[in-house]
Amino acid sequence: MSDSEDEGPPQLSSYALAALQEFYAEQQHHHSDLCGDDKYNIGIIEENWQLSQFWYSPETAMRLAEDAVAAAGEGGRIACVSAPSVYQKLRERHRDDVSVCIFEYDRRFAIYGEDFVYYDYKNPVDLPERIATHSFDIVVADPPYLSEECLRKMSETIKLLTRGKILLCTGAVMEDAAAKLLGVKMCKFIPEHTRTLGNEFRCFVNYNSRLDCNLSVQLPVQEGPK
Ligand SMILES: C[S@@+](CC[C@H](N)C(=O)[O-])C[C@H]1O[C@@H](n2cnc3c(N)ncnc32)[C@H](O)[C@@H]1O
């Protein structure tokens with residue numbers, strides 16, 4: 001750009017103009033993605049490692065979602081606490097036959113409108129009035145940190161939300177703490193992420209779950225106990 005007022009209105013250099021056009025095109029593309037049918041694709045919201053975000057592989061998200069649907073039963077209500085990929089898979093696959101809420105600290109997930117509930121595990125019982133206690137058939141939760149403090153706080157939320165069933169995904173090292181806090185036991189199924197994680201990761205449940213076998217194939221959906 002020129003500093004002189006005599007040379008007419010300021011002009012962007014061709015490089016700056018091209019960069020700006022590219023930026024707007026990307027924004028447009030991203031916006032149309034979020035508004036269209038792709039809205040529920042895992043990864044549509046990029047991982048932010050500062051927030052300890054590591055997304056499940058689509059196969060794992062599917063397996064967890066199907067298990068939650070079977071456990072919740074027809075017309076059931078499912079809470080996904082810090083587990084946005086499971087929420088996305090549930091919405092992608094079961095648009096009308098289950099009711100789902102996504103409890104998340106990352107406000108980018110507010111694109112999911114009424115389903116989104118802002119949640120910070122540090123204030124575990126600080127939930128909006130529209131969320132009735134013990135109103136979810138199952139809670140699927142994945143704490144952001146592998147610490148007893150984080151699991152203890154999130155456990156308060158889980159117990160407040162669930163009518164009984166819990167599907168927890170976290171590091172295998174949390175097995176004893178998870179059993180003590182939530183009465184859940186480790187499943188054989190090994191969840192996978194889109195990136196390789198350094199720690200051994202597992203699922204824990206307190207109900208009769210099909211995750212208790214380590215099949216890597218997807219099982220057909222069946223009606224689960226209410
Ligand atoms: C380990 S990731 C679990 C994501 C899961 N693997 C998935 O694919 O859906 C932890 C999640 O906790 C969320 N998180 C980060 N800080 C949080 C906080 N203070 N309170 C609640 N959730 C938080 C992250 O945004 C992220 O979705």
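## Serine 99 and strand S2

Serine 99 is located in strand S2, which covers residues 99-104. In this predicted model, serine 99 is classed as partly exposed, because 17 other C-beta atoms lie within 10 Å, whereas a buried residue needs 20 or more. Serine 99 and alanine 79 stand 20 residues apart along the chain, and their C-alpha atoms are separated by 8.6 Å.

Strand S2 is largely enclosed by the rest of the structure, since five of its six residues are buried. Strand S2 runs parallel to strand S1, and five bridges join the two. One pair of bridge partners is valine 81 and phenylalanine 103, the latter in S2.

## The sheet

The seven strands form an open sheet with mixed pairing, in the order S3-S2-S1-S4-S5-S7-S6. Its edge strands are S3 (116-118) and S6 (185-186), each of which pairs on one side only.

Strand S1 pairs with S2 and also with S4, in the parallel sense, over four bridges. Alanine 79 has valine 139 of S4 as its bridge partner.

## The chain as a whole

The protein chain contains five helices and seven strands. Read from the N terminus, these elements follow the pattern α-α-β-α-β-β-β-α-β-α-β-β.

The chain has 226 residues, and 33% of them are buried. Among contacts with a separation of 6 or more, 61% involve residues 24 or more positions apart.

## Helix H2

Helix H2 comprises residues 58-72. At 1.5 Å a residue, its 15 residues should span 21 Å, and this agrees with the model, because the end C-alpha atoms are 21 Å apart. Just after H2, glycine 73 adopts a positive phi of about 80°.

Helix H2 is largely enclosed by the rest of the structure, because 12 of its 15 residues are buried. The buried residues include Thr60, Arg63, Glu66 and Asp67, as well as Ala61, Leu64 and Val69. The buried residues of H2 pack against four elements: strand S1 (77-81), helix H3, strand S4 (136-141) and strand S5 (162-171).

Alanine 65 offers a local view of this packing. The residue lies in helix H2 and is buried, because 28 other C-beta atoms are found within 10 Å. If residues up to four places away in sequence are not counted, alanine 65 touches Val86, Lys89, Leu90 and Arg93. Alanine 65 and arginine 91 are 26 residues apart in sequence, with a C-alpha to C-alpha distance of 9.4 Å.

## Helix H3

Helix H3 covers residues 84-93. Seven of its 10 residues are buried, so H3 is largely enclosed by the rest of the structure. These buried residues are Pro84, Ser85, Val86, Tyr87, Gln88, Lys89 and Leu90. They pack against helix H2 and against strands S1, S2 and S4.

Two of the contacts of alanine 65, Val86 and Leu90, can be read with the geometry of a helix in mind. An α-helix has 3.6 residues a turn, so residues three or four places apart point the same way.

## The nonpolar core

The largest nonpolar core consists of 51 residues. The residues with the most contacts inside this core are Ala68, Ile78, Cys80, Val81, Val86, Val139 and Val140. Helix H2 supplies the largest share of the core, namely eight residues.

Isoleucine 78 shows how separate parts of the chain meet. Leaving aside residues up to four places away in sequence, isoleucine 78 touches Ala68, Ala72, Leu90, Val98, Val100, Phe136, Asp137, Ile138 and Val140. Of these, Ala68 and Ala72 are among the buried residues of H2, and Leu90 is one of the buried residues of H3.

## The shell around the ligand

Around the ligand there are 20 residues, of which Ser82, Ser85, Tyr105, Asp142 and Pro144 come nearest. By character, the shell divides into 11 nonpolar, four polar and five charged residues.

Helix H3 gives the most to this shell, with three residues. Ser85, one of the residues that come nearest to the ligand, is also one of the buried residues of H3.

Technical notes. Residues are numbered from 1 along each chain as its sequence is written. This is a predicted model: local features need pLDDT of at least 70, side-chain atom pairs count only at pLDDT 80 or more; totals for chains, interfaces and linings use all residues. A nonpolar core is a set of buried Ala, Val, Leu, Ile, Met, Phe, Trp, Tyr and Cys residues joined through C-beta atoms within 7 Å. Two residues are in contact if their C-beta atoms, placed from the backbone, lie within 7 Å. A residue is near a molecule or strand if its C-beta atom, placed from the backbone, lies within 6 Å of it. Ala, Val, Leu, Ile, Met, Phe, Trp, Tyr, Cys and Pro count as nonpolar, Asp, Glu, Lys and Arg as charged, and the others, Gly among them, as polar. The expected span of a helix is 1.5 Å times one less than its number of residues. Two strands pair if DSSP finds at least two bridges between them.
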